[in-house]
Amino acid sequence: MSARTVEEAAKRLAGVVTRTPLEPNERLSARVDARVWLKREDLQTVRSYKIRGAYNFIVQLDAEHRERGVVCASAGNHAQGVAYACRRLGANGRVYVPGTTPRQKRERIATLGGSHIEVIVVGETYEDAFSAAKQDAESTGATLVPAFDAPETVAGQGTVAMEVVAQLGFVPDVMVVPVGGGGLLAGIAAWAAERAPEMRIVGVEPAGATCMAAALAAGEPVRLESVDTFVDGAAVALAGSVTYPLVRDGGVELTDVAEGAICTEMLAMYQSDGVIAEPAGALATAALGTTVKIDPGQIVVCVVSGGNNDVSRYGEVLERSLIHEGLKHYFLVGFPQEPGALRRFLDEVLGPDDDITRFEYVKRNSRETGPALIGVELARPGDLEGLLHRLEVSPLQVERVEPGSPLFHFLV
């Protein structure tokens with residue numbers, strides 16, 4: 001993989017992909033005392049950068065292979081790129097997506113591909129979908145279009161860096177890039193190694209899916225035992241055999257950010273910047289100033305990788321954000337089955353600015369107490385200490401539902 005490979009891909013993509021805006025962002029600039037720009041790949045033709053790699057791969061297939069059709073596995077964005085490319089090039093394809101793929105993405109795949117694409121839902125993870133797509137390709141002779149682990153895909157993704165430098169007119173000090181399987185990071189690193197070696201490149205993984213960090217630690221791609229699928233666009237359990245060495249040798253930094261922090265950033269992007277980002281699209285900016293340190297005055301570019309977010313997920317996004325910020329807490333409380341028990345809880349335990357956001361009570365007449373699940377939202381994280389103290393000295397039977405417990409995962 002060389003800079004020239006990426007530049008040749010850019011020629012194929014000319015007139016096909018959108019040259020997405022590069023926008024200054026005041027909120028983030030103030031956060032890190034630097035000049036922060038957003039590369040808005042959420043405004044791409046299919047609302048993510050994935051079209052770059054998918055089209056660059058499929059357009060290079062000869063007539064015989066196009067006639068046999070293509071298959072792919074995707075959490076949603078790559079499939080949209082494949083669907084768009086198939087429709088534009090007149091090829092037919094089947095896309096396999098895991099059950100965790102938001103409905104909005106599934107519907108967009110079908111719309112973009114039209115009669116050229118069949119959407120098949122299988123399993124719960126990207127690896128489940130990939131296994132099914134691979135079996136399909138082996139049994140039918142169709143060509144498997146990798147979401148990240150192919151030189152053609154990587155080269156297409158790398159064109160993002162070319163555009164950034166062309167739009168700025170110079171090389172930025174830092175480029176912060178979201179990481180799933182590593183296609184975007186690998187492509188940018190390969191191009192920058194020759195054309196912009198002075199640029200610091202930082203890859204950001206979701207804390208629940210750090211497959212590239214695991215590969216670097218082990219010296220080869222290794223499969224994660226479990227993956228948090230919330231950041232569906234980057235929930236990958238195994239780094240690519242093509243992307244891994246490019247990242248390893250590319251002189252890049254790697255970090256991760258908690259899913260809750262990503263949710264907080266998604267809300268800030270929406271409320272302050274007017275940007276509708278999917279979880280993976282907020283990865284780079286969520287890490288800025290926290291796990292990614294920036295020197296004052298530096299010029300920083302963060303890639304907003306996608307905007308295919310299902311609005312029905314915003315309830316979960318808000319919940320995860322509040323928990324991450326220390327503002328939302330759950331308790332199991334045993335109430336005496338007598339008149340006035342709830343009133344005493346409100347008067348004696350709940351603080352003046354505390355709010356009950358969930359209350360589920362099951363009365364059991366044969367027992368002295370009845371259990372209730374209570375969700376409390378605080379005005380300030382520091383209010384938790386007072387709430388815990390009042391619960392401790394009250395006569396109530398109280399058990400805090402700790403983050404990470406089986407019950408907590410059921411609630412959130």
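Helix 5 is largely enclosed by the rest of the structure in this predicted model, because eleven of its 13 residues are buried. The helix covers residues 77–89. Its buried residues begin with a continuous run: Asn77, His78, Ala79, Gln80, Gly81, Val82, Ala83, Tyr84, Ala85 and Cys86 are among them. Leu89 is buried as well. Several elements supply the cover. They include helix 3 (50–58), helix 4 (63–68) and helix 6 (103–113). Strand 3 (70–73), strand 4 (93–97) and strand 5 (117–121) also cover buried residues of helix 5.

The length of helix 5 agrees with expectation. At 1.5 Å a residue, its 13 residues should span 18 Å, and its end C-alpha atoms are 18 Å apart. Gly90 follows the helix. The phi of Gly90 is positive, near 75°.

Cys86 belongs to the buried set of helix 5. Its relative accessibility is 0%, so Cys86 counts as buried. The closest cysteine sulfur to that of Cys86 is in Cys72. The two sulfurs are 7.9 Å apart, which is too far for a bond. A disulfide would require sulfur atoms within 2.5 Å. Cys263 is in no disulfide either. For Cys263, the nearest cysteine sulfur is that of Cys302, 18 Å away. Cys263 also counts as buried, because its relative accessibility is 0%. By the distance rule, the count of disulfides comes to zero.

Thr20 lies in a loop. This loop runs between helix 1 (3–13) and strand 1 (22–24). Despite the loop setting, Thr20 counts as buried, at 0% relative accessibility. Its side chain makes a polar contact with the side chain of Glu41, at 2.4 Å. Glu41 is also one of the residues that Thr20 touches beyond four places away in sequence. Lys39, Arg40, Leu43 and Gln44 are included in that set. Arg52, Glu163 and Gln167 are touched by Thr20 too.

Arg4 is found in helix 1. Arg4 is exposed, with a relative accessible area of 59%. That value is over the 50% cut-off, so the residue is classed as exposed. Arg4 was also compared in position with Ile294. The two residues are 290 residues apart in sequence. In space, Arg4 and Ile294 are 30 Å apart, C-alpha to C-alpha.

Key. Residues are numbered from 1 along each chain as its sequence is written. This is a predicted model: local features need pLDDT of at least 70, side-chain atom pairs count only at pLDDT 80 or more; totals for chains, interfaces and linings use all residues. Side-chain values use heavy atoms; hydrogens and water are left out. Buried means under 20% relative accessible area, exposed over 50%, partly exposed in between (1.4 Å probe, protein chains only). Helices (H or I, at least four residues) and strands (E, at least two) are DSSP runs, numbered from the N terminus. A polar contact is a pair of N or O atoms within 3.5 Å; within protein, one must be able to donate a hydrogen and the other to accept it, and residues adjacent in sequence count only if both atoms are side-chain atoms. Contact means heavy atoms within 4.5 Å. The expected span of a helix is 1.5 Å times one less than its number of residues.
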